[in-house]
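User: Could you take a close look at the disulfide for me, and at the strands and core around that part of the chain?

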Amino acid sequence: QVQLVESGGGLVQAGGSLRLSCAASGRTFSNYPIGWFRQAPGKEREPVAAINWSGGTTYYADSVKGRFTISRDNAKNTVYLQMNSLKPEDAAVYYCAAGGDWRVTSLNHRDYLYWGQGTQVTVSS
C-alpha cells in the first residue's frame, strides 16, 4: 500500500501559477503510475494528468494541455503538477492517485487504487 499527501494548493488570480506536490510513502513509489484528478463543487471528478512509473510517458486532459505539466522525482517520492495560466474553471479540489498496475497509465480513475486527501485550488477572476 502507498500513502499520498497533496500540498501546494491555495488562492491565485486568473493567469497565475501554482505547483502542486504529491508526496508518497509506503511501498516502492517508482512502481506506480500517478494521476491527478480534480473535482469542483457540484461536478463529477475529472482527470487532469497522468504519468507513468518512469516519468517517460504523460497524458493530459484536453482542458489543461499546454498549461499544466506533470512530472515526478522518484528519488524524492514526489509527483508534481505545475499549473500555469490558471483559469477560474480550474478551481477545484485536486487529488493525486497511485495506479494499481505499473503497466497501466491512464486518465481513467478506475485504474487508480490509492488516493490522497486532496488540496484546494481557488482561482479568482
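Analyst: Here's a walk through the disulfide, then the strands and the core. Bear in mind that this is a predicted model, where local features need pLDDT of at least 70, side-chain atom pairs count only at pLDDT 80 or more, and totals for chains, interfaces and linings use all residues. Numbering starts from 1 along each chain as its sequence is written, and side-chain values use heavy atoms, with hydrogens and water left out.

Searching the whole structure turns up one disulfide (a pair of cysteine sulfur atoms within 2.5 Å). The partners are Cys22 and Cys96, with sulfurs 2.1 Å apart. Cys22 sits in strand E3 and Cys96 in strand E9, so the bond ties together parts 74 residues apart in sequence (strands are DSSP runs of E, at least two residues, numbered from the N terminus). The S-S torsion is about 70 degrees, so this disulfide is right-handed. Cys22 is buried, at 0% relative accessible area, and Cys96 also counts as buried at 0% (buried means under 20% relative accessible area, with a 1.4 Å probe and protein chains only).

Now for E3's neighbours. E3 (residues 18–26) runs antiparallel to E1 (residues 2–7), joined by six bridges, and Ser21 in E3 is the bridge partner of Ser7. E3 also pairs antiparallel with E8 (residues 78–83) over six bridges (pairing takes at least two DSSP bridges); there, Arg19 stands opposite Gln82.

As for the core, the largest nonpolar one has 31 residues, with Trp36, Leu81, Met83 and Tyr94 making the most contacts inside it (buried Ala, Val, Leu, Ile, Met, Phe, Trp, Tyr and Cys joined through side-chain atoms within 4.5 Å). Elements giving it two or more residues include E1, E3, E8 and E9.

Notes:
Helices (H or I, at least four residues) and strands (E, at least two) are DSSP runs, numbered from the N terminus. Buried means under 20% relative accessible area, exposed over 50%, partly exposed in between (1.4 Å probe, protein chains only).
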